[in-house]
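Q: Could you pick one part of this model and take me through it closely? I would like to see how it is built, and then how it sits in the wider picture.

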Amino acid sequence: MSDVKFATKRRWINGPVGRGGQAAILAFFLLLPGWMFREALVDYRLHSDDFEYLAGSRTPARAVANLFRPHNTHIVPAWRVLTATLVQVAGVLPRLQETLAVATYAALVILMILVGVLVGREFGRLGLGLAALIATGTTSVLFSSGTWYSSGQTVWAAIGIVGMLVLLQAWRICGGSWRLVAGVGLAWMAGGFWTIGHAAGPVGFVYLWMHGRRRAAFAPLMGTIAAVAIAWTLGGRHIDARISFHGRSEREAASPLAGLTHTLQAIPEQLGAENLGLETETTVLQGAGLCALIAVVWLLSIRAEGGPNPLEAAGGALIVIAYFVEWTFRGYLPFSSLRGIVPWYDTIPHVGLALFGTGWIGRMTRDHPSGLTRGGAVGLLAFSIGLAVVHQSRIESLLMDGVPQPGEGEPVLPPTREFRLLRARYLWPEYHRVQRLDLARLQRAEGVGRRLSIGRDTIHEVFGRIEVLELPSVYDALGLLDLPETGMLRDPAQVRAALGEVFQPSVPPRIPGGEAQPGLPGMNQPPDD
Amino acid sequence: MKSALDQPAGVMIALLSGVVLAILPAWLYWDWLSNPLIKGDDFAFLADSRAGAEPFRHLWEPHNSHVVPVFRLATSTLCRVAGSLGNVPWVLTVANHALLVLLVIATGHFVAWETGSMGYGLGAMAWLGVSTVLQPAATWYSAGQTLGTGLFVMITLLSTQLSILRQQRLWLIPAFLAAAVAPMIWTGGVCAGIVGSVYLLWHRGRTGGRWAAAPLVGTLASLGVITWAAGASLIRAVSDSGAGDGIQPFRIVTHGAQAVVESLGFANLGLTTESMPLQSLALSLGLVWGWIASLLRSGRRPNALESVGLTLVLAPYGLAFALRSGFPFENLRDLGWYDTMPQIGTVLFGIGWLAGKCAGPRCPDRLTWMGFLGVGTTTVILLALHVPQVQQIRIDEAPEMTSSEKLRLPIPELQRLRAIYLASERSERQRRALQRLERAGVLGVRNGLSRDALRNQFGRVVVPGWPLAMKEQDALDLIELPERGGTLDPAQAAKMFPPLLSYEPPNRPPWLGAEAIWPPTEGASVP
């Protein structure tokens, strides 16, 4: 009798999940990172390069003019087109916050789906594809690029790379040269979002080469070479590397040896520990030892089969190329000075890790069924929830780091994690709100400026630098105004009278309560209040 | 190529590998071995281990909440072996390291015979010996109690293994005795009986289930004797330590999970990290899931090494964190010696997992060139991971750098040299202070003086490294003088004793700027 019961249970576990069930769990997996990043996304604040990119794409004309104008060392026409489109979609400046938040998260979702499709089709296993989808998005490694628009350049570049791989895979399976051409086009586009997107060509080459398509493998490579050549021809002479590299030229900044040692440290620290929601610090020797350990274990596991599978090769290449190039150009600084400074550098290597890891797992679990079973679905749900739990505390830490340190006169809270988190959760929406008011004032100024025909040059003469909450000191919010460079009204007194009130700088928010005493916001007020 | 690698490497190569792996921990911890220092609880144990009947008077006296008669006797014996008080730091350091080496060899031997592979045995030696997880126990005599306990756990296991191998129940007698001795070195030794019985139960087909209880009975007998002999003082000690304030089961689980992730996971890679309770729980569950999935895939049940290893991880952590569940995990991170026995368990479990299906104890196959290559690669990688961590620990143990030092010594290499200089200077001062103290003792005996008489005349006497929290005793308790009696002629005393009992302050390092305050005022012990 018990055998019968066991067999029934086993049959149920091994039974397939229906279409509705599949759609439901897919939706859950795609929404889970949104829930993890909810505070930073719901209360999105424009910061750092957002202002510069938005200013450069405020109008279609400006976007075209800036298409190949480098931003630091990046020539990113695709990114500028995307930004211009989003500015048009937002319509008015106060709506930029939610528009960019939605676009940032949408990019993450697209990337997750593409990785899932690529892996699922590579092995013909839906479950493995979903596992790759979960591993790509459910991580604090992508907190920066999943919650900050400009950092999300790396996600869009990754979309280009993985999208290209999906098309190359489709061409390999179904044929049709348009797929190959479209893949080459995506390889081109990947570099147009962010420079490291140019890794698409070499990665596509590795992928097709490992599948035995030796001649076609050169197509994505050629695409990338053409993309780099065109970008360099049209925008290369405007690149001012000294801004990015702290006063150094590319040649002075680059150090391939440091690129190698930084890569050895970044792999265990940022792809290893941070993917477990933990932070640790290595030395170069330890980084080399850990990478050697991973390499030995991997090589032993593939020994019997004579080599890596295409997904492992492509993923591994993506990790190594992206990190090596990134860290080579940051080689003028020791790795200890770079930790946590450029978290978006990990986005593309993380996608590489998802491909490499699922390629490795796929090799070891070949006997698993191609469809999604109920047992598999439960396992994937446990995996995704487990990852969310594992990363929660690191996301909270990043959230705490995302608000300014307590200023003078701000109530002193007990120095515990819980109080710091409460403070961050209070301040994120406050900063969002105040910045939104600033953007609304800018929008009003734009209206007044248009009505009175005031040019941006006159505004600059009268008011100097225009401030918006969290605008970096190197930028000017003037660029966010859709006004002509010069206007008809040039009288400073009239301009000041018309816009003086609008350009009053806002006060940065802080937690309530002026007394420097320990306690929660409002705790030191009398009970009747 | 393959056939050449599968050839036996020869007995000499195997032996040489074993010798190198037994020596490697000494190389790893050379900074501590070359600058012996007694610290913390060492002083309390030494004060209770003076000559005559003193060690026997304190034999069953709890130290914190541990009744450790065997450890007290061992300390007393080592003091006799040292001869002079000035030699004691050196002798204790060497003895502690010898325990580590014996533990490494015993573990390697057990693993080699259990898996039937010399390569796995040597791998276990490398893993256990070249790991900073054991650093607190390997570099501090009192924390080395856990090494002694670990060694007796391994003796229990080796005896039970022999009883199975030779099909002789006679070998259960040493297992019984070792399991009885282990808790008398450190309370965590109660695990000896548990793991011994788990091992025998796993092989019950060969031994008969009833006899599996022998090690456990040894431990229970030992606990009975301890409770009977220590009696009320033990209950008082447990109550004073806060251990009996109420056990919080959820905290035992979360503390255990955090320790597994931080101390057995990351620390075994030479890294430090700090985790949160739920996060660690999820990661530990992931690890368990991975293990169970691999068992299901290969269609096997856990082997003896995995069973014993898992028990040796869970039981000591369970016991330690049950007694410490009143504290948050942040307060327990510094108690690194709690990880000694779970680390042995991790090595057994890890090698067992790697080895897969094991038929049972047998004479190990010869070491092949492939095995030699594997052990060599593992050892090199372990050294690459743990040498930087050892250097960092050495730097962290030194007094905090002054602002001028931070500017002058910006790189870890220089900071380590500073740490070694300061440790060596302190070790030398401590040795000189102990030698002077011994001469004071001789003078005291010659003049019929007591410790109280000296104390009344010269106040409290301390030596470098004396714990500031240890206020009931002082360095005079280390010398062989009666507690009370004798009178001191002030004039004569002022001539004889001050040079011997006065505290020698630390030398000011030559690189320090004039503005720097030296010695640093903060610390847990006399500088």
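A: **A helix pair in chain B**

α18(B) passes α19(B) in a left-handed crossing. Please keep in mind throughout that this is a predicted model. The two helices are residues 304–323 and residues 340–355 of chain B, and their axes come within 7 Å and cross at roughly 155 degrees. An angle over 145 degrees counts as roughly antiparallel, and α18(B) and α19(B) are therefore roughly antiparallel to each other.

Now for the residues that make this contact. On the α18(B) side they are Leu305(B), Glu306(B), Val308(B), Gly309(B), Leu310(B), Thr311(B), Leu312(B), Val313(B), Pro316(B) and Tyr317(B). Facing them from α19(B) are Met341(B), Pro342(B), Ile344(B), Gly345(B), Thr346(B), Leu348(B), Phe349(B), Ile351(B), Gly352(B), Trp353(B) and Ala355(B). By class, the contact of α18(B) with α19(B) holds 15 nonpolar residues, five polar ones and one charged one. Glutamate is counted as charged, so the charged residue here is Glu306(B).

A second pair in chain B is worth setting beside this one. Helix α8 of chain B, residues 118–129, packs with α20(B) at an angle of about 10 degrees, and their axes are 9 Å apart. Since angles under 35 degrees count as roughly parallel, α8(B) and α20(B) are therefore roughly parallel to each other. From α8(B), the residues that meet the partner are Met118(B), Gly119(B), Leu122(B), Gly123(B), Ala126(B) and Trp127(B). From α20(B), they are Gly371(B), Gly374(B), Val375(B), Thr378(B), Thr379(B) and Leu382(B). This contact is made of six nonpolar and six polar residues, with no charged ones.

α20(B) also takes us out to the other chain. The contact between the chains draws 20 residues from chain B and 21 residues from chain A. On the chain B side, α20 (369–397) and α17 (277–298) each supply at least two of the residues that touch chain A. That side of chain B has 13 nonpolar and seven polar residues, and no charged residues. For the complex, the predictor gives an ipTM of 0.87 and a pTM of 0.89.

Chain A offers a helix pair of its own to look at. Helix α10 of chain A (residues 153–174) and helix α19 of chain A (residues 347–364) have axes that come within 9 Å and cross at roughly 40 degrees. The crossing of these two, α10(A) and α19(A), is right-handed. Thr154(A), Val155(A), Ala157(A), Ala158(A) and Val162(A) of α10(A) meet Thr347(A), Ile348(A) and Val351(A) of α19(A). Six of the residues in this contact are nonpolar, two are polar and none is charged.

Stepping back to whole chains, chain B has 25 helices and zero strands. Its C-alpha trace spans about 85 × 60 × 50 Å along the principal axes. The radius of gyration of chain B is 25 Å, which agrees with the value near 24 Å for a compact globule of 527 residues. Chain A has 23 helices and zero strands. With a radius of gyration of 26 Å, close to the 24 Å that the globule rule gives for 529 residues, chain A is as compact as a globular protein of that length. The box filled by the C-alpha atoms of chain A is roughly 85 × 65 × 50 Å along the principal axes.

Two backbone details deserve a glance as well. In chain B, a cis peptide bond with omega of about 0 degrees joins Trp518(B) and Pro519(B), and Pro519(B) lies in the segment after α25 (498–501). In chain A, Ser48(A) has a positive phi, near 50 degrees, in a residue other than glycine. Ser48(A) is in the loop between α3 (38–42) and α4 (49–56) of chain A.

Finally, a word on confidence. Chain B averages a pLDDT of 90, and 97% of its residues score at least 70. Chain A averages 91, with 96% of its residues at 70 or above. Over residues 515–529 of chain A, however, the pLDDT is below 50, although this stretch has 19 contacts in the model beyond near neighbours in sequence. Where pLDDT is low, predicted coordinates should not be read in detail.

How values were computed: Residues numbered from 1 in each chain as written. Chains lettered and ligands numbered in written order. Predicted model: local features only at pLDDT ≥ 70, side-chain atom pairs only at ≥ 80, totals over all residues. Contact = placed C-beta atoms within 7 Å. Helix = DSSP H or I, 4+ residues; strand = E, 2+ residues; numbered from the N terminus. pLDDT = per-residue confidence, 0-100. Axes fitted to C-alpha atoms, helices over the stretch in contact; angles between N-to-C directions. Parallel < 35°, antiparallel > 145°, perpendicular 65-115°, else oblique. Left-handed = near helix turned anticlockwise from the far one by under 90°. Rg over C-alpha atoms; globule rule 2.2 N^0.38 Å.
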